Amino acid sequence: FACVVDIGCGTGLLGVEIREWSARLEGFDISANMLAKAQEKAIYHHLAQADLSLPADTSGLFADGLVPHRADLVAAADVMMYLGSLETVMPLVNALLSPVGVFAFSVEDAGAGDGFVLQPSLRYAHSETYVRGLLASAGLKIIHIQKTTIRKDAGKPLSGILFLAGKAA
């Protein structure tokens with residue numbers, strides 16, 4: 001990929017895994033402390049604070065001269081669980097993606113329904129129906145969906161959904 005944008009990059013765990021696939025790797029997170037840890041890895045070409053809950057023009061993803069429609073891949077691993085509503089995320093990602101770009105992300109699986117719920121873990125789970133609707137509303141087309149265990153929580157497997165989406169033709 002010419003440009004990969006890791007939204008909610010945290011300490012850079014995903015960045016380490018995807019660095020070799022990108023000519024340019026950008027990382028954004030709301031936490032300055034997390035960004036400092038990501039900086040220590042020396043794998044990102046650009047790191048900056050950004051708030052995914054804000055509209056694209058005020059989120060911080062286009063500050064410092066960073067242009068829209070630059071990313072061939074936008075990745076968000078273990079990020080949506082902290083946001084609850086994803087209403088601002090999908091349009092923001094659409095603004096980041098190049099015409100042939102793809103968006104790869106995970107959510108905790110809320111099961112049936114059409115929304116999101118706060119779990120006892122204080123993380124949000126999202127229903128497949130809810131995410132599908134938001135992707136479609138933002139002009140993003142689903143390429144692939146996979147339900148799987150996304151990690152362990154307190155030693156127990158946690159069900160999630162992996163999404164791959166791109167610009168609708």
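A search of the whole structure, which is a predicted model, finds four aromatic pairs. Two of these pairs are visited below, followed by the strands around one of them and a loop residue.

**Stop 1: the stacked pair**

Select phenylalanine 105 and phenylalanine 163. Their rings form a stacked aromatic pair, with 5.0 Å centre to centre and 5° between the planes. Colour by secondary structure to see what the pair connects: phenylalanine 105 belongs to strand β5 (residues 97-109), and phenylalanine 163 to strand β9 (residues 156-167). The two residues are 58 residues apart, so the pair counts as a link between distant parts of the chain. Are these two phenylalanines buried or exposed? Both phenylalanine 105 and phenylalanine 163 are buried. Now add Phe103 to the selection; together with Phe105 and Phe163, Phe103 makes up one aromatic cluster.

**Stop 2: the edge-to-face pair**

Move to phenylalanine 116 and tyrosine 124. This aromatic pair is edge-to-face, with the ring centres 5.7 Å apart and 75° between the planes. Switch on a surface to check accessibility. Phenylalanine 116 has a relative accessible area of 34% and is therefore partly exposed, since partly exposed covers the range between 20% and 50%. Tyrosine 124, at 24% relative accessibility, is also partly exposed.

**Stop 3: strands β5, β8 and β9**

Return to β9 and show the backbone. On one pairing, β5 and β9 run antiparallel and are joined over seven bridges. To find one of the matched positions, select serine 106; its bridge partner in β9 is leucine 162.

Next, select strand β8 (residues 140-153). How many bridges join β8 to β9? The two strands pair over twelve bridges, in the antiparallel sense. At aspartate 153, look across to β9, where lysine 156 stands opposite. β8 and β9 form a hairpin with two residues between them. Within that turn, pick alanine 154 and read its backbone torsions: phi is positive, at about 55°.

**Stop 4: alanine 23**

Finally, select alanine 23, which sits in the loop between α1 (13-18) and β2 (24-29). Its relative accessibility is 56%, so alanine 23 counts as exposed, the cut-off being over 50%. Which residues does alanine 23 touch, leaving aside those up to four places away in sequence? The contacts are Phe1, Ala2 and His45. For a distance check, draw a line from the C-alpha of alanine 23 to the C-alpha of methionine 90: the separation is 24 Å in space and 67 residues in sequence.

How values were computed
Residues numbered from 1 in each chain as written. Predicted model: local features only at pLDDT ≥ 70, side-chain atom pairs only at ≥ 80, totals over all residues. Heavy atoms only, no water. Phe/Tyr/Trp six-rings, centres within 6.5 Å; stacked < 30°, edge-to-face > 60°. Helix = DSSP H or I, 4+ residues; strand = E, 2+ residues; numbered from the N terminus. Buried < 20%, exposed > 50% of the residue type's maximum accessible area, 1.4 Å probe, protein only. Pairing = 2+ DSSP bridges. Contact = heavy atoms within 4.5 Å.
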